[in-house]
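Here are my notes on the model, as numbered points. Please read them with the structure open.

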Amino acid sequence: MTSRLAALTRDDLNDPQKEVYDDITGGIRGSIQGPFNAWLRSPALANSAQKLGEFCRYHTTLGPRLSEIAILITARKYRAQVEWYLHSKIAMEAGHSQATIDAMLAGGRPDFAAAPDADVEKENMVHDYATELVADGRVSDDMHARALAIFGEQGVVELVGVIGYYHLVSLTLNAFNVPLPDDIEPPFPDQPQ
């Protein structure tokens, strides 16, 4: 698959783009990958999206272990090759096993209890809430009430924010054919590579 947008270097950018580029590369991410090459074409969008993304990825009350469940469910929905590739590695770093990641890739329910340090109730809740929201675009009253009981209003709002942000990321990656690195086997072989 060939990207629909040429890769930008800092030298290609105008001043507003350079400011966003420097903010991204000088921050916690350290590099431009994923959707950022596309978003830099609109510096205001790139700046807003990268700040929201930094919050969703690094600063919610959910923490990375729970957030990565929601992110992978969203990536699977859109069969976003790059999103899955990047976040399956991050999910492993957050403590998820390859078996858990493989189960989510296949659309199944992981056995979160298999991990010794798992918070099974929370991990199952994030999985169920994200799966229902991503599939239907809404959640049932029962699902919402169960999530509120576990995470409170702030946690549920942040969970929905993570899911929403990674919809934007997945759609951007797919719309602009952001390619996987050459030596990576695509997680969704039936999709464009």
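1. Helix α8 bends by about 110 degrees at Gly152. The bend at a residue is the angle between axes fitted to the seven residues ending there and the seven starting there. This is a predicted model: local features need pLDDT of at least 70, side-chain atom pairs count only at pLDDT 80 or more, and totals for chains, interfaces and linings use all residues. Residues are numbered from 1 along each chain as its sequence is written, and side-chain values use heavy atoms, with hydrogens and water left out.

2. The end-to-end span of α8 can be read beside that bend. Residues 141-175 form this helix of 35 residues, yet its end C-alpha atoms are only 33 Å apart, where a straight helix would reach 51 Å. The expected span is 1.5 Å times one less than the number of residues. Just after α8, Asn177 has a positive phi of about 50 degrees.

3. The protein chain has eight helices and zero strands. Helices (H or I, at least four residues) and strands (E, at least two) are DSSP runs, numbered from the N terminus.

4. The radius of gyration of the protein chain is 17 Å, which agrees with the value near 16 Å for a compact globule of 193 residues. The radius is taken over C-alpha atoms, and the globule rule is 2.2 Å times the number of residues to the power 0.38. Along the principal axes, the C-alpha atoms fill a box of roughly 50 × 35 × 30 Å.

5. Among contacts (heavy atoms within 4.5 Å) between residues at least 6 apart in sequence, 67% join residues at least 24 apart.
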